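Please look through the sequence and the model below before reading on. The briefing that follows takes up a helix, some backbone features and a few charged pairs, one topic at a time.

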Amino acid sequence: MSKLLYSRRRFLGTAATTGAALASPFYLRRAAAQSGGEVNIWTYNDFVPEAFKEQFEAETGIKVNVRLVDDQGKQFNLLAAEQPNPTVDIMTVAGHRFLQFIDSDLLAPLDTDRLTNWDKINPTFSESDWSTINGNKWGAPILSGMEVLSYNTELVSEEEALTWDTLFSEKYSGQTAYIIQDMMSIVMLKMGYDGNMVEYMDDPEKAAQIVEEAKQFLIEKKPLVRKYYDGGAEFQQMMVNQDIALGHSWNGPAAALINDGFPLAMTIPREGSYGFVYTYNIANNAPNADNAYTFLDAILASPEIGAAMTKASGFISTYKDASQHLSDLEKKSTSFPEEQLANLQFFRAEANDLKYSLVDPAVEAIKAA
């Protein structure tokens with residue numbers, strides 16, 4: 001294999017260039033007075049474009065404090081511990097986790113009448129069934145993604161990457177990585193079960209049996225995996241360092257590497273996988289709710305912002321016309337063949353209480369095994 005001409009310095013340099021491309025006057029001047037104060041946001045790396053943040057702060061006087069998160073469960077536990085006096089105004093919740101946050105009174109219903117740019121979101125996302133619960137909207141969709149099998153094209157063949165079995169093969173022992181909680185759903189799907197567990201809501205014993213089967217599978221395969229990881233940046237660095245040859249990942253971090261010239265590709269394997277949508281949500285009892293709405297309306301204002309978020313994160317934008325601001329390579333890295341898309345299902349929330357009451361302990365058991 002040829003030595004990879006890819007370094008962390010090059011990666012960071014490219015990311016900085018992506019951010020600078022957003023620095024053009026287009027959205028805030030008419031929207032916000034010099035109101036001041038702050039807005040506190042919990043979100044993933046690259047979900048708030050740096051150029052947007054700087055311009056927003058300059059034109060509104062509102063300081064944007066970003067705290068990075070890497071796990072929905074950790075975010076839920078942190079917010080639950082802080083209520084009824086949270087320190088956060090906006091957090092980033094995956095659509096299929098809405099119910100968990102709503103049922104625990106952690107989110108405030110979203111007043112879309114306060115968002116003049118709500119119509120800038122593609123209605124496929126803003127008006128879909130999963131986005132309305134109990135008659136309310138609970139978040140502004142910003143990016144969509146999916147669980148994929150990502151692989152170094154100089155080490156793994158395209159045919160090998162069409163099945164999850166390759167991730168658990170002896171051939172790539174010590175060269176793989178995945179997020180355990182996400183893999184639990186995928187392994188259940190791979191075994192022919194409903195990884196959303198909606199089919200077993202009336203049969204908790206069956207649900208427990210399936211989770212136990214998936215848990216035992218991952219414990220059996222544990223000697224083959226190099227690392228369980230938590231966040232996309234960690235996955236990227238393992239790929240760049242050639243610590244791994246393939247792994248389960250979200251499509252966003254993988255697409256960002258592809259756009260930077262890394263020899264990476266991704267598939268939706270034939271056994272299937274799951275998709276999801278990230279949303280910006282306002283916390284119940286948010287300390288700076290007015291500033292939170294100002295921020296949300298500003299970040300939704302332009303397809304260029306949506307494109308910048310896609311360029312930086314690699315996830316697919318939910319904004320109308322964002323693709324018009326992407327290069328051909330960027331468009332290619334955020335699309336999949338029709339035959340692979342047919343293998344995709346979306347995460348659902350109906351059975352989350354049952355599912356995560358079983359999966360969360362199973363994840364801890366796998367880590368401890």
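The expected span of a helix is 1.5 Å times one less than its number of residues. The model shown here is predicted, and the points below begin with a helix to which that rule can be applied.

**Helix α14**

- Helix α14 covers residues 352-368, and because each residue should add 1.5 Å, its 17 residues should span 24 Å, which agrees with the 23 Å found between its end C-alpha atoms.
- The buried residues of α14 are N352, L354, K355, Y356, V359, A362, V363 and I366, and because they cover an arc of only 165° around the axis, they lie on the same side of α14.
- As background, an α-helix has 3.6 residues a turn, so residues three or four places apart point the same way.
- The other side of α14 carries the exposed residues D353 and A368, while the cover over the buried residues of α14 includes α6, α7 and β8 (227-228).

**Backbone features in loops**

- The peptide bond that leads from Q83 to P84 is cis, with an omega near 10°, and P84 is placed in the loop between α3 (72-82) and β3 (90-94).
- D105 is a residue other than glycine with a positive phi, near 55°, and D105 is found in the loop between α4 (98-103) and α5 (123-126).
- M197 also is not a glycine, yet M197 has a positive phi of about 70°, and its place is in the loop between α6 (180-190) and α7 (204-221).
- Is each of these two residues buried or exposed? D105 counts as exposed because its relative accessibility is 53%, where exposed means over 50%, whereas M197 counts as buried because its relative accessibility is 0%, where buried means under 20%.

**Salt bridges**

- The count of salt bridges in the model comes to 12, and three of them are described in the points that follow.
- K74 forms a salt bridge with D230, and the closest N and O atoms of this pair are 3.7 Å apart. The pair links distant parts of the chain, since K74 is in helix α3 and D230 is in the loop between β8 and α8 (232-240), 156 residues apart.
- Both partners of that pair count as partly exposed, K74 because its relative accessibility is 46% and D230 because its relative accessibility is 31%.
- The side chains of R226 and D243 also meet in a salt bridge, with 3.8 Å from N to O. This pair too links distant parts of the chain, with R226 in the loop between α7 and β8 and D243 in the loop between α8 and β9 (246-250), 17 residues apart.
- R226 is partly exposed, with a relative accessible area of 48%, and D243 counts as partly exposed at 25% relative accessibility.
- K215 forms a salt bridge with E212, the closest N and O atoms being 3.0 Å apart. Because K215 and E212 are 3 residues apart in helix α7, about one helical turn separates them.
- Which label does each partner of this pair receive, buried or partly exposed? K215 counts as buried because its relative accessibility is 16%, whereas E212 is partly exposed, with a relative accessible area of 36%.

Technical notes: Residues numbered from 1 in each chain as written. Predicted model: local features only at pLDDT ≥ 70, side-chain atom pairs only at ≥ 80, totals over all residues. Heavy atoms only, no water. Helix = DSSP H or I, 4+ residues; strand = E, 2+ residues; numbered from the N terminus. Buried < 20%, exposed > 50% of the residue type's maximum accessible area, 1.4 Å probe, protein only. Arc of directions from axis to C-beta. Contact = heavy atoms within 4.5 Å. Salt bridge = Lys/Arg side-chain N within 4 Å of Asp/Glu carboxyl O.
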